[in-house]
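Trainee: I have a model open and would like to learn how to read its helices. Where do I start?

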Amino acid sequence: MNYKVSKTFKDNKKNIIIIVVLWVILSIVLVAPLGYSIGISCQTGRFNFETFLNTVFTELASFSSITKVFDAAYIGYFGKTLLYFTIIYLICALIGLFKSKPKHQYTDIEHGSSDWSENGEQYRILSRNKGIILSKHNYLPIDKRGNINVLVVGRFWFW
């Protein structure tokens, strides 16, 4: 099971970087105006939806809330909005990453290759240096006792 998690993170390094950069951009462009607008609309002690709508669209268009949100009156609203956004964003990102996890241990391993063996295990049977060529680093030794018949499945390249 551990191979699925490690392979998921290994295969999605670029995607993870994109996810983090997108989170930073959305936090600046979307969460800051939302947090500021929620702070403005809650100044009377009760949430005013009309004030929220008027403020959020002007702040989204002007990008001025990026500096205003760090005022002492609005930092709490920004923090809560950023926390909720981060939780939802993280859940969506993890769902996307784990949908791309390998289905089984042999995903993306070429069938018929020696990638199934580890630590030189194939050289108990095969030779590394001489014999009938099977692949780039694997030879079937001719001086081996027993059956050395070879069935080659695939295409031959003659150039």
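Mentor: We will go through two helices and then one residue. Keep in mind that this is a predicted model.

Trainee: How many residues does helix α5 have, and how far does it reach?

Mentor: The expected span of a helix is 1.5 Å times one less than its number of residues. Helix α5, residues 75-99, has 25 residues and reaches 36 Å from first C-alpha to last, close to the 36 Å expected. Its buried residues include Phe 78, Phe 85 and Tyr 89.

Trainee: And what span does helix α2 have from its first C-alpha to its last?

Mentor: Helix α2 covers residues 13-41, which is 29 residues, and reaches 40 Å; the expected value is 42 Å, and the two are close.

Trainee: Where is the kink in α2 centred?

Mentor: A bend is read as the angle between axes fitted to the seven residues ending at a residue and the seven starting there. In α2 the kink is about 40° and is centred on Ser 27. Ser 27 is also buried, as are Pro 33 and Ser 37, among others in α2.

Trainee: What covers the buried residues of α2?

Mentor: The cover includes α3, α4 and α5.

Trainee: Take Val 56 in α3. Is Val 56 buried or exposed?

Mentor: Buried means under 20% relative accessible area. Val 56 has 5%, so it counts as buried.

Trainee: Which residues does Val 56 contact, leaving aside neighbours within four places in sequence?

Mentor: Pro 33, Leu 34 and Ser 37. In addition, the C-alpha atoms of Val 56 and Ile 38 are separated by 8.3 Å, although these residues are 18 apart along the chain.

Conventions. Residues are numbered from 1 along each chain as its sequence is written. This is a predicted model: local features need pLDDT of at least 70, side-chain atom pairs count only at pLDDT 80 or more; totals for chains, interfaces and linings use all residues. Side-chain values use heavy atoms; hydrogens and water are left out. Helices (H or I, at least four residues) and strands (E, at least two) are DSSP runs, numbered from the N terminus. Buried means under 20% relative accessible area, exposed over 50%, partly exposed in between (1.4 Å probe, protein chains only). Contact means heavy atoms within 4.5 Å.
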